[in-house]
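Biologist: I am new to this structure and would love a close look at one part of it. Could you take me through the aromatic rings, with enough of the surroundings that I can find my way?

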Amino acid sequence: MTIKLSKVKKKQLIESIKRYFEEKLNEEIGDLKASLFLDFCLQEICPSVYNRAIIDARSFMEDKLSDLEDTCYEPEFGYWEE
């Protein structure tokens, strides 16, 4: 699955990468290098993060669904309870 970004979001990420390189690594890089680095991250790193997020979301939903019966259960035929 390819992660697609809007032009605005991609521009923001490129600017963030350039700032990171300048502030943390004391190295200035241009738009091309920042864009290539972003493309690498999207292809190589992001799928692992995305997959972990899907696993976490599924686990969360399964926990909520398993608790559904206890949370939403209504006793039946309560009129004749003694």
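Modeller: Happy to; here is the overall setting, then the aromatic rings, and then one buried serine.

Please keep in mind that this is a predicted model. The chain has three helices and zero strands, so reading from the N terminus you meet the order α-α-α. The radius of gyration is 24 Å, well over the 12 Å that the globule rule gives for 82 residues, so the chain is more spread out than a compact globule. You can see this in the box that the C-alpha atoms fill, roughly 80 × 25 × 20 Å along the principal axes. Of the 82 residues, 11% count as buried. The chain exposes about 7,800 Å², and carbon and sulfur atoms supply 56% of that area. As for charge, there are 12 positive and 18 negative side chains, and the centres of these two sets lie 17 Å apart.

Now to the rings you asked about. A pair of aromatic rings is described by the distance of the centres and the angle of the planes. Searching the whole structure turns up three aromatic pairs. One of them joins Tyr 20 and Phe 21, whose ring centres are 6.4 Å apart, with 80 degrees between the planes, an edge-to-face arrangement. Phe 21 counts as buried because its relative accessibility is 16%, under the 20% cut-off. Tyr 20, at 46%, counts as partly exposed. These two residues also belong to one aromatic cluster together with Phe 37.

Another of the pairs is made by Tyr 79 and Trp 80. This pair is edge-to-face too, with 4.7 Å from centre to centre and 85 degrees between the planes. Here both partners lie on the exposed side of the scale: Tyr 79 has a relative accessibility of 70%, and Trp 80 has 69%. Both count as exposed because their values are over 50%.

To finish, have a look at Ser 35, which sits in helix H2, a helix that spans residues 31–66. Ser 35 has a relative accessible area of 16%, so it is buried. Leaving aside residues up to four places away in sequence, Ser 35 touches Lys 10 and Ile 14.

Conventions: Residues are numbered from 1 along each chain as its sequence is written. Side-chain values use heavy atoms; hydrogens and water are left out. Helices (H or I, at least four residues) and strands (E, at least two) are DSSP runs, numbered from the N terminus. The radius of gyration is taken over C-alpha atoms; the globule rule is 2.2 Å times the number of residues to the power 0.38. Buried means under 20% relative accessible area, exposed over 50%, partly exposed in between (1.4 Å probe, protein chains only). Accessible areas come from the Shrake-Rupley method with a 1.4 Å probe; for residues, only the protein chains shown count as cover. Lys and Arg count as positive and Asp and Glu as negative; His and the chain ends are not counted. The place of a charge is taken as NZ of Lys, CZ of Arg, CG of Asp or CD of Glu. Contact means heavy atoms within 4.5 Å. Rings of Phe, Tyr and Trp (its six-membered ring) pair if their centres lie within 6.5 Å; planes under 30 degrees apart count as stacked, over 60 as edge-to-face and the rest as tilted.
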